[in-house]
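The following exercises concern a predicted model. Each task is followed by a solution in steps.

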Number of protein chains: 2
Amino acid sequence: MKLSKKGEYALRALLDLAMAQALDRTLVPLSALAEAQRMPATFLEQILVQLRQAGILASTRGKYGGYSLARPASEIPIGEIVRQIDGPLAPIGCASVTAYERCSCPDEAHCGLRLIMMDVRNAISNVLDRYTLAQLAEVTLQHLRRDGLVPKVVELVRHLDLSTRAKVAAKIPPAPLEPEFSI
Amino acid sequence: MKLSKKGEYALRALLDLAMAQALDRTLVPLSALAEAQRMPATFLEQILVQLRQAGILASTRGKYGGYSLARPASEIPIGEIVRQIDGPLAPIGCASVTAYERCSCPDEAHCGLRLIMMDVRNAISNVLDRYTLAQLAEVTLQHLRRDGLVPKVVELVRHLDLSTRAKVAAKIPPAPLEPEFSI
DNA sequence: CGTTATCCCAAGTAACTCGGTCTGCTTTAG
DNA sequence: CTAAAGCAGACCGAGTTACTTGGGATAACG
């Protein structure tokens, strides 16, 4: 029931991005994301491209460019990220809701295995599809604040020319406004 | 969050074995298990060996031999089978209860990802560690009975010389008696 | 303009895993 | 002795994973 490294890196990067955004650093370069969580930058790049193509991430090119969330973090369920990178949540195809696939067993109608695996898939979905990136970021920030800390990614962005970066960031068209929390 | 084919085959074979046992066919040859669920016999064999070494399965060699459960089906949680074949249930090592492993993130104490993945691992465990093979077999048998059917594996064993097979089966030392149901 | 920091994209790749097969035993009932 | 079973383990091709490499395209800044 493993999550791939790719999936893990995607979640780490997005979590950092969401926290940075919550602290008004909306545009974060790949290098900062990679360093903050000690992930191989070139590998992470592929993942971020995939997330952009999936409409989860937006990017700004050129000097002082970087990545930002394409939508408010509160509208990005963790399950969407995992599905995008690692495929369906269900342990076997015939138990999947979003990507059902017939399995090899001769009699699916009477297959107890399928029933139990549907339970598992629902249990997973009940966690991953309920939590959003915003909640995940909020919880993590609370933990950090409690110990008087700031996310490493934010530290790293601080060193950069902030005034210019802010100008670039300001150009991002539909300023992703955070709607009210609703859970 | 996939279950491997190996894990799937293990569960299918054990489910058939448990159903066969519930219908007084305690000793089932590899060939019947493989055919009943259309699994490649030589591959399945490796899996069954692994399950025997793990103390889940017992085997009887020689003509009219076969496999049987090493313990009552009610004492074999599905989670144990999955862990044995596919490793820990947790999506990432640092969220595992039974096989914790430090992850690469620089600050595990404040890692929100870990928290949510522990939720996932608990959700999975709440399904797989609560259901036993006996319950799985019972549910499946009920479904079959409702439609007047019998598990294919039992059909297949029927064709074999039953009197001899029963004699062989009788030799299995501590007749795995089914204790009272306790859920 | 050129430099520099950034993202974009496609290809390559080493190691590993998956899903098996093949070969040749040993054990046991008849 | 033979047939039916399990045992042991080497082998293998294809795919996946987790990366790296290399060569652009963009955009700010001097």
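**Exercise 1.** Determine which residue stands opposite Ala58(A), and describe the pairing of strand 1 of chain A with strand 2 of chain A.

*Solution.* Begin with the residue pair: Ala58(A) lies opposite Ser68(A), a residue in strand 2 of chain A. Next, take the strands as a whole: strand 1 (residues 57–60) and strand 2 (residues 66–69) of chain A run antiparallel and are joined by 4 bridges. Finally, consider the connection: the two strands of chain A form a hairpin, with 5 residues between them. In its turn, Gly62(A) has a positive phi of about 85°.

**Exercise 2.** Describe the contact between chain A and chain B from the side of chain B.

*Solution.* Count the participants: chain A and chain B each give 36 residues to the contact. Assign them to elements: on the side of chain B, helix 1 (5–22), helix 5 (112–128) and helix 6 (133–146) each supply two or more residues. Helix 5 of chain B gives the most, with 11 residues. Then sort by class: this side of chain B holds 23 nonpolar, 7 polar and 6 charged residues.

**Exercise 3.** How are chain A and chain B related in space?

*Solution.* Superpose the copies: a turn of 180° with a shift of 0.0 Å along the axis lays chain B on chain A with an RMSD of 0.1 Å. The two copies are therefore related as by a two-fold rotation axis. Locate the axis: Met1(B) comes closest to it among the residues of chain B, with its C-alpha at 2.1 Å. Compare the surfaces: 100% of the contact residues of chain B recur in chain A, and the same surface serves both copies.

Technical notes. Residues numbered from 1 in each chain as written. Chains lettered and ligands numbered in written order. Predicted model: local features only at pLDDT ≥ 70, side-chain atom pairs only at ≥ 80, totals over all residues. Contact = placed C-beta atoms within 7 Å. Nonpolar A, V, L, I, M, F, W, Y, C, P; charged D, E, K, R; others polar. Least-squares fit on C-alpha atoms with pLDDT ≥ 70 in both. Pairing = 2+ DSSP bridges.
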